[in-house]
Every structure is written in C-alpha cells, then in structure tokens.
Amino acid sequence: MNLETILINFENILYPALLETLYMSFVSTFLAFLIAIIPAIMLTVTDKGGLCENKSIYNVLDFIINILRSFPFLILIVVLSPFTKYIVGMSIGTTATIVPLTIGIAPYLAKMIESAFKEIDQGIIEAARSYGASKTQIIFKVMLNEALPSIINGTTMILIVVVGFSAMAGTVGGGGLGDVAIRYGYERFNTQIMIQTVIILIILVQIIQLIGNLLYKITKR
C-alpha cells in the first residue's frame with residue numbers, strides 16, 4: 001500500500017473515526033467525573049476518621065459502587081440499551097455509546113477520587129480545622145486542592161481506559177476507531193486498515209498520557 005492510499009484512508013475513514021473516538025472518550029469521561037465527584041466525597045467524609053464518619057452510609061455506598069464496577073462493559077451496553085434509547089433516542093451510534101461509557105466508568109472514577117482524597121496528609125486537614133474552617137470549606141478548598149494532582153493522574157489513566165472501551169464499543173455499532181477496525185479491517189480482511197487503526201490508538205494514548213503528565217507536574221508544584 002502506497003503513501004497516497006494511506007492518506008486517502010486516513011482522510012476518508014480513519015480521521016472521522018478518530019474524531020468520533022475523541023468525542024466519545026472526552027465527553028463520557030467529563031460526564032462521569034461530574035457524576036462521580038459527589039459519591040467520592042461522601043465515601044471520604046463518611047469513612048472511618050472522616051469529617052462525618054458514618055459506617056452505615058459508607059458501607060452501603062461502597063457496596064453499590066463495587067456492584068456497578070463488576071459489570072463487563074459489553075454487557076453493560078446491552079443492559080442499558082433501553083435506557084440509552086430513552087435518553088438519546090437510539091441505542092447504537094457514537095452519541096448512544098456515551099451513555100454506557102459514562103455509567104460504566106463513573107464508579108471507577110469515584111473510587112479513584114476517594115483514593116486521592118485519602119492520600120492527603122491529615123495534618124493539613126487538622127490545621128484547617130484549627131483555623132475554624134467549616135466542613136464544606138475543608139472539602140472544597142483544602143481537600144480538592146491538595147488531591148488535584150492525584151485526581152489528574154488518575155483521570156488520565158481512566159481516560160486511556162475509556163479510549164479502549166470506546167474502541168470495544170465499535171464492535172457493537174458504537175462507531176469510532178473500533179468500528180473501523182471491525183468493518184474495514186476484520187470483515188474485509190484489510191490488514192493495512194487494522195495496522196493503521198492500532199497505530200493511531202497507540203499515538204492517541206501516548207498523547208493523552210503526555211498531557212496528563214504535564215498537568216500533573218504543573219499542579220504538583
């Protein structure tokens with residue numbers, strides 16, 4: 001396959017699929033973060049030694065999140081298809097895939113954010129308490145600020161996983177690079193398309209990791 005054919009494939013097939021993958025990955029990760037931040041805070045403050053220690057609330061919430069984390073992604077797409085169709089009007093396609101992606105990764109983000117909060121030096125929280133800071137101020141001005149580098153680092157890893165999930169969704173009509181790999185590569189026995197898709201995914205993951213590392217270093221200072 002010559003360079004001209006590669007460029008034509010990229011322009012007509014791979015580039016639109018790359019945009020779909022980016023759309024699915026970033027939108028679902030953003031929405032999942034918005035969903036996850038509240039249960040993550042609740043897990044942190046109700047855990048043993050937390051600001052509002054409550055063993056019952058913690059155990060129930062932790063149990064629910066662990067159940068949600070146990071669903072394989074492809075099964076989740078199928079299970080949520082009626083809900084997805086209700087939300088976006090269709091059960092397959094790029095936009096439809098955002099729904100199971102968001103719900104699927106939100107529990108992982110919640111546990112990741114909880115872990116980031118628990119890494120904070122308790123001395124910093126005690127110092128804020130001694131200065132008369134309220135619980136709300138401690139959570140949103142102290143804990144979030146101190147945990148930000150770890151949250152960025154964890155979110156970067158989650159985003160990379162989401163890219164892989166979005167490619168997996170292509171096998172069931174989710175669009176993106178996974179769909180290209182199946183329809184143009186596997187089903188048509190086009191090895192070149194498969195190789196190009198893999199290369200693009202590798203480059204995409206490397207770029208996401210580089211940006212994540214940069215943001216981590218900036219917030220760590």
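This passage describes the annotated segments, a surface patch and the salt bridges of a predicted model.

The UniProt record, an unreviewed entry, offers a convenient starting point. It lists residues 22–45, 57–80, 86–110, 151–173 and 193–216 under "transmembrane region". Two of these segments can be set beside the computed secondary structure. Residues 57–80 are 83% helix and 0% strand, and 27 Å separates the C-alpha atoms at the two ends. For residues 86–110, the chain is 80% helix with 0% strand, and the end C-alpha atoms lie 25 Å apart.

A nonpolar patch is found on the surface, made up of Val-60, Phe-63, Ile-64, Ile-67, Leu-68, Phe-71, Ile-75 and Val-79. Together these residues present about 710 Å² of accessible area. Helices α2 (55–69) and α3 (73–79) each contribute at least two residues to the patch, and α2 provides the largest share, with five. Leu-68, a patch member, belongs to helix α2. This leucine has a relative accessibility of 38% and therefore counts as partly exposed.

Attention now turns to the charged side chains. Side chains of opposite charge can pair when their charged atoms come close. The structure contains five salt bridges. In one of them, Asp-47 pairs with Lys-118, with 2.6 Å between the closest N and O atoms. Asp-47 sits in the loop between α1 (3–46) and α2, whereas Lys-118 is part of helix α5 (residues 94–118), so this salt bridge ties together parts that are 71 residues apart in sequence. The two partners differ in their surroundings: Asp-47 is buried, at 17% relative accessibility, while Lys-118 is partly exposed, at 40%.

Helix α5 also holds a salt bridge between Glu-114 and Lys-111. Their N-to-O distance is 3.0 Å, and the two residues are three positions apart, about one turn of the helix. Both ends of this pair are buried: Glu-114 has a relative accessibility of 2%, and Lys-111 has one of 15%.

A further salt bridge joins Glu-126 and Arg-129, whose closest N and O atoms are 3.1 Å apart. Because these residues are three positions apart in helix α6 (residues 122–130), about one helical turn separates them. Glu-126 is partly exposed at 40% relative accessibility, and Arg-129 is likewise partly exposed, at 37%. Elsewhere, salt bridges with shared partners link Asp-47, Asp-62, Lys-111, Glu-114 and Lys-118 into one network.

Key:
Residues are numbered from 1 along each chain as its sequence is written. This is a predicted model: local features need pLDDT of at least 70, side-chain atom pairs count only at pLDDT 80 or more; totals for chains, interfaces and linings use all residues. Side-chain values use heavy atoms; hydrogens and water are left out. Patches are made of residues with over 30% relative accessible area and no salt bridge: like charges are joined within 9 Å, nonpolar side chains (Val, Leu, Ile, Met, Phe, Trp, Tyr) within 5 Å. Accessible areas come from the Shrake-Rupley method with a 1.4 Å probe; for residues, only the protein chains shown count as cover. A salt bridge is a side-chain nitrogen of Lys or Arg within 4 Å of a carboxyl oxygen of Asp or Glu. Helices (H or I, at least four residues) and strands (E, at least two) are DSSP runs, numbered from the N terminus. Buried means under 20% relative accessible area, exposed over 50%, partly exposed in between (1.4 Å probe, protein chains only). UniProt positions are given in the numbering used here, feature names are shortened, and annotations may be inferred rather than shown by experiment.
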